[in-house]
Amino acid sequence: CFFFFKQKTAYEILSGLVGSEMCIRDRYQRRVHGIYIKQSMQYIKDMSDQPEQGFSFENTRRNQFLIEKKVVKEPRYTKTGTTIAGMIFKDGVILGADTRATEGPIVANKNCLKIHYLAPNMHCCGAGTAADCDAVTDMISRQLELIRLNTGRECRIVNAATLMSNYLFNYGGYIGAYLIIGGVDCKGPHIVNVYADGMQTWLPFYSTGSGSLAATAILETSYRDDIPLEEAKEIIVRAIEAGIYNDLGSGSNVDLCVITKGKTEFFRNYVSKNKKMFSMEKAFSFPKGTTKVIKETTVKLAEVKVEDVSSPMEILQLTAQFIKTISVSYTHLRAHETREDLVCRLLLEKKKT
């Protein structure tokens with residue numbers, strides 16, 4: 001007898017191999033999946049001991065309890081006040097600001113400068129926290145100066161707006177600087193408002209601050225294209241005065257800054273209607289003995305003829321010789337003054353007398 005065996009085709013051989021491979025792979029996957037399940041259960045168990053993700057308000061009741069028991073005081077924010085405005089007129093831009101700096105209910109400064117220098121062709125009005133506005137504008141001004149020196153060209157308004165936006169955005173609004181940038185570059189006059197969170201707004205006129213509602217009403221009713229300079233000054237002054245008279249956080253004087261192509265004019269205290277009506281006839285005078293002297297120390301100095309010395313180096317050498325022989329009280333030391341500096345100062349004072 002002859003037995004004939006059918007030869008398997010390539011498809012049948014591959015099917016057999018794939019089937020065996022799938023069995024091995026299934027066993028491997030079941031084992032891996034089991035490991036994954038065990039790890040997931042352990043992860044869920046570990047996460048159950050941790051606080052939930054996202055916003056957590058668990059400390060709300062604790063804080064309320066501490067406040068009720070007067071363990072801590074309830075935090076309060078400090079109210080600030082400002083009225084600033086900017087507007088484009090026929091030949092350039094004009095910026096205006098009041099001069100009152102407040103610290104809650106207290107007027108901290110009656111003649112504060114709120115129009116900051118950025119570049120020869122642009123200035124900036126600042127509202128919000130005074131220290132933040134000063135620091136941010138000074139920093140951007142230095143960066144613009146470096147750009148101007150490296151390129152040899154006049155800075156554009158978009159450069160300053162972009163630098164400020166990027167810097168403020170990185171801090172998520174925690175820097176209290178609300179700015180109005182005004183200037184003239186190769187593209188013409190521009191007014192840009194930069195919020196504390198980094199957002200920009202390009203408009204022909206804008207006002208911000210605690211007195212901005214009253215100022216915006218004046219700007220919206222009076223603005224038109226191609227306003228001459230004198231009329232633009234009058235509109236900005238009326239807008240700032242509206243904020244001064246209708247907002248307790250704004251007050252004192254009105255500052256103006258007019259920027260045209262190749263020229264910048266700054267008018268400090270352009271309008272001063274809140275002048276002091278009276279003043280003391282004499283300054284404060286206190287009788288001798290008002291401040292009690294707790295301790296008095298007399299320093300005995302050695303006799304040194306400074307006239308015979310020809311150079312400052314010789315004075316220092318002679319002073320060094322007498323340092324060890326002079327009894328000096330450290331209560332006379334000034335800030336950042338060493339013992340040697342004290343001796344030199346006392347010797348010079350003795351020479352003057």
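This tour visits three of the salt bridges in a predicted model. A search of the whole structure finds six salt bridges, and the stops below take in the pairs Asp98–Lys114, Lys261–Glu154 and Glu265–Lys263.

Begin by selecting Asp98 and Lys114, which form a salt bridge whose closest N and O atoms are 3.1 Å apart. The pair links distant parts of the chain, since Asp98 belongs to strand β2 (residues 92-98) while Lys114 sits in the loop between β4 (106-109) and β5 (115-119), 16 residues apart. With a relative accessible area of 0%, Asp98 is buried, and Lys114, at 5% relative accessibility, counts as buried because the cut-off is under 20%.

Next, select Lys261 together with Glu154, whose side chains meet in a salt bridge at 3.8 Å, N to O. Here too distant parts of the chain are linked: Lys261 lies in the loop between β11 (254-260) and β12 (263-271), and Glu154 lies in the loop between α3 (130-151) and α4 (157-170), 107 residues apart. Lys261 counts as exposed, at 56% relative accessibility, whereas Glu154, at 42%, counts as partly exposed.

Finally, move to Glu265 and Lys263, and display the salt bridge between them, in which the closest N and O atoms are 3.8 Å apart. Glu265 is partly exposed, with a relative accessible area of 28%, and Lys263 likewise counts as partly exposed, at 47% relative accessibility.

Terms used. Residues numbered from 1 in each chain as written. Predicted model: local features only at pLDDT ≥ 70, side-chain atom pairs only at ≥ 80, totals over all residues. Heavy atoms only, no water. Salt bridge = Lys/Arg side-chain N within 4 Å of Asp/Glu carboxyl O. Helix = DSSP H or I, 4+ residues; strand = E, 2+ residues; numbered from the N terminus. Buried < 20%, exposed > 50% of the residue type's maximum accessible area, 1.4 Å probe, protein only.
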